Structure formats: structure tokens, C-alpha cells
Amino acid sequence: MVKKQPADTEKSIHTDFRENMTYGEYLQLDQILSSQNRLSDHHDEMLFIIIHQVSELWMKLILHELHSAIDALKKEELQTAFKQLARVSKTQSQIIQAWDVLSTLTPSEYMEFRDKLGQASGFQSFQYRMIEFALGYKTPHVLKIYEKDPELQAELKKAYTSEGLYDVAIQALVKAGFVIDEEIVNRDWTKPYVKNESVKAAWLAVYRDNRRYWDLYQLAEKLVDIEDWLQQWRFRHMKTVERIIGFKQGTGGSSGVHYLRKVLDQQFFPELWDLRTEI
């Protein structure tokens, strides 16, 4: 039988923080934990706020890793990019699980405070738009949402006009000697990516001779992981919304579930999915 040691035997534990930084100070917990301000008296509004705040924090990490991975690929530091893209996928899995917690909110409970949201909606999440932009899906009309904040809109416009993850992945194919159509290599980054036969042919060659092109093969699978997880996130989002509000219009004016079903058809890396039929 193991004898319990009293807590006071841990003589090295620091207890005097009068002149030292604490855990809470390092994480600025006073700011974070005082940011859940309910607009109603309903108990479950706290759940609603926290789930969305936590998701935004995870999205901040995803953007941090995606931007670093894009820079690493430009520098041909593929192993560094692989680590960062793998972290993106793991982070995406955490966001997906958040829907399981939110789905404990029933329609009756949500209706008690939904009107307090006004026109605020997750549709307006600028970080989600930044993730779409980083993955190559560009939609100019969403920029109008952020006119209220010129600094934020400028940041979004910069992302909107920048090359995305798939663009630099295609550039990696070019550097490896694959011939890609000029219209793709020098494309307008403000336009959504459209699938291309030369790109598919290059990725097919990578998959058919993956030992020779092992790094590119790994890169392709990392991209597929990210899109797969994103589509799972979108699906769980759609089903959670349907479970809570059915087919009502979204608070931001979208068609709600109908809109969320439509975005499930969007693809970011189409050739990497198409080639699976041909291998």
C-alpha cells in the first residue's frame, strides 16, 4: 500500500509571486475569463459564447500554422511545412468536437436568447474567411461585411490578394520539373481556384511513382487531410444548426441549413480528389 505524501513535502513549489509572473498573468486569464458577457439571463447563453470563443482561438492557431506552412513551402522547407500542416489537422479535430458540446443546446433553450444576437452570426467570422482565403477559396462579396473596421478589412484584403496553400503546392510541382499550364502558374489569386488537367496529370505522376516523389506525395496527403477535416467540420456545423433551429433563416441573413449544405460542395484541392478514381 502506497502511503500518501502530504502536500507540504513538495518544498520546491513556488508560492510567493509578489515579484514574479503567475500562470494567470502569462495567459492573461483576467481578460479571457471576463469576456463571456451574456446579453440575456439565460443559463445556456454561456455555453453558446464559450463554444464560439474557443473555436475562434483554435482558428487563430490554424491560421498561424497555415501561414507558416505557406512560407516554408516557398522556401522549399517541406519537412517544416509537413509538421505545421499536421498540426492544422489535429486542431481541426478539436473544433469538430466542439459541435458535440453545442448540440446539447436544445431548440427551446436557444430560442430564449437568440433574439439578443441581432444580426451577429458565425457567417461573419473573419478568421474563418481568412482560412478559406489561405486555402484558395476567394469570394469578394464577403469583404463588405468588414467595412465597419478598416484595419481588419485591410488585413482581409491582403489575404484575399495573396497566394494560397494550393498555389504554393503547385509551385512545388513546378520546381520538381512538372509542366503546369501558364494560366495556373501565373493565375489571378483573387479568383477561386478552378481544376486544371496539367495539375491533375502532375499529381497523378506523383501518386503513381510516390517513392521518387515522396515529399510531394506527403504534401498531397497533408492537403487532403486538411480538406477532409474541413468538410467534416462543415458537415457537423450544418447538422448542429439543423438540430437546434431546423430550417430557419440564420441570424446573419443566410438561408441557414440550405446555405451550409451548399458549401459542402466546395472543393479546395479538386485534382487530389479526382485522381483517386484514376489510380
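**Exercise 1. The lining of the largest cavity**

Task: In this predicted model, find which element supplies the largest share of the lining of the largest cavity.

Solution.
1. The largest share comes from α11, with 4 residues.
2. The whole structure holds 2 cavities of 30 Å³ or more, and the largest encloses about 130 Å³ of space.
3. Its lining consists of 13 residues, and Ile62, Gln92, Ile95, Ile131 and Leu230 are those nearest the centre of the largest cavity.
4. Two or more lining residues are given by each of α3 (45-74), α4 (78-102), α6 (126-134) and α11.
5. By class, 12 residues of this lining are nonpolar and 1 is polar, with no charged residue.

**Exercise 2. The second largest cavity**

Task: State which residues line the second largest cavity, and how they divide by class.

Solution.
1. The volume of the second largest cavity is about 30 Å³.
2. Asp167, Ile170, Gln171, Ile184, Val185 and Trp189 form its lining.
3. At least two of these residues come from α8 (165-175), and at least two from α9 (182-185); α8 gives the most, with 3 residues.
4. The classes are 4 nonpolar, 1 polar and 1 charged.

**Exercise 3. Two pockets**

Task: For the largest and the second largest pocket, find which element gives the most to the lining.

Solution.
1. Begin with the largest pocket, which has about 1200 Å³ of space.
2. It is lined by 40 residues, and Phe48, His52, Ser121, Gly122 and Phe123 lie nearest its centre.
3. Helices α3, α4, α6, α11 and α12 each give two or more residues to the lining of the largest pocket; the largest share, 9 residues, is from α3.
4. The lining of the largest pocket has 20 nonpolar, 14 polar and 6 charged residues.
5. Turn to the second largest pocket, with about 400 Å³ of space. Its lining has 18 residues, with His67, Met130, Lys158, Ala159 and Ser162 closest to the centre.
6. Here α3, α6 and α7 each supply at least two lining residues, and α3 again gives the most, with 7 residues.
7. This second lining divides into 7 nonpolar, 5 polar and 6 charged residues.

**Exercise 4. The surroundings of α6**

Task: Decide whether α6 is mostly covered or mostly uncovered, and name what covers its buried residues.

Solution.
1. Of the 9 residues of α6, 8 are buried, and the helix is mostly covered.
2. The buried ones are Gln127, Tyr128, Arg129, Met130, Ile131, Glu132, Phe133 and Ala134.
3. The cover over them includes α3, α7 (150-160), α8, α11 and α12 (257-263).
4. After α6 comes Gly136, with a positive phi near 100 degrees.

**Exercise 5. An aromatic pair**

Task: Explain why the pair formed by Trp99 and Trp233 counts as tilted.

Solution.
1. The search of the whole structure gives 14 aromatic pairs.
2. In the pair of Trp99 and Trp233, the ring centres are 5.6 Å apart and the planes stand at 55 degrees.
3. Planes under 30 degrees apart would be stacked and over 60 edge-to-face, so the rest are tilted. The angle of 55 degrees therefore makes this pair tilted.
4. Trp99 belongs to helix α4 and Trp233 to helix α11, 134 residues apart, and the pair links distant parts of the chain.
5. Both Trp99 and Trp233 are buried.
6. Elsewhere, ring pairs join Tyr137, Tyr166, Tyr193, Phe268 and Phe269 into a cluster.

**Exercise 6. Glu278 and Lys200**

Task: Decide whether Glu278 and Lys200 are buried, partly exposed or exposed, and list their contacts beyond four places in sequence.

Solution.
1. Glu278 is in helix α13 (residues 270-278), and Lys200 is in helix α10 (residues 197-208).
2. Buried requires a relative accessible area under 20%, and exposed over 50%.
3. Glu278 has 39%, so Glu278 is partly exposed. Lys200 has 13%, so Lys200 is buried.
4. Glu278 contacts Lys200, Leu204 and Arg208, while Lys200 contacts Glu271, Asp274 and Glu278.
5. The C-alpha atoms of Glu278 and Leu204 are 8.2 Å apart, although 74 residues separate the two along the chain.

**Exercise 7. The largest nonpolar core**

Task: Find how many residues the largest nonpolar core has, and which helix gives the most to it.

Solution.
1. The core has 74 residues, and Leu66, Leu165, Tyr166, Trp203, Leu219 and Leu272 have the most contacts inside it.
2. Helix α11 (residues 214-245) gives the most to this core, 12 residues.
3. Leu272 touches Tyr166, Trp203, Tyr207, Ala220, Leu223 and Val224, leaving out residues up to four places away in sequence.

Note on methods:
Residues numbered from 1 in each chain as written. Predicted model: local features only at pLDDT ≥ 70, side-chain atom pairs only at ≥ 80, totals over all residues. Heavy atoms only, no water. Buried < 20%, exposed > 50% of the residue type's maximum accessible area, 1.4 Å probe, protein only. Contact = heavy atoms within 4.5 Å. Core = buried A, V, L, I, M, F, W, Y, C linked by side-chain atoms within 4.5 Å. 1 Å grid on protein atoms, 1.4 Å probe; cavity = no way out; pocket = protein on both sides within 12 Å on 5 of 7 lines; lining within 4 Å. Points joined across faces, edges and corners; volume = space filled by probe spheres on them. Nonpolar A, V, L, I, M, F, W, Y, C, P; charged D, E, K, R; others polar. Phe/Tyr/Trp six-rings, centres within 6.5 Å; stacked < 30°, edge-to-face > 60°.
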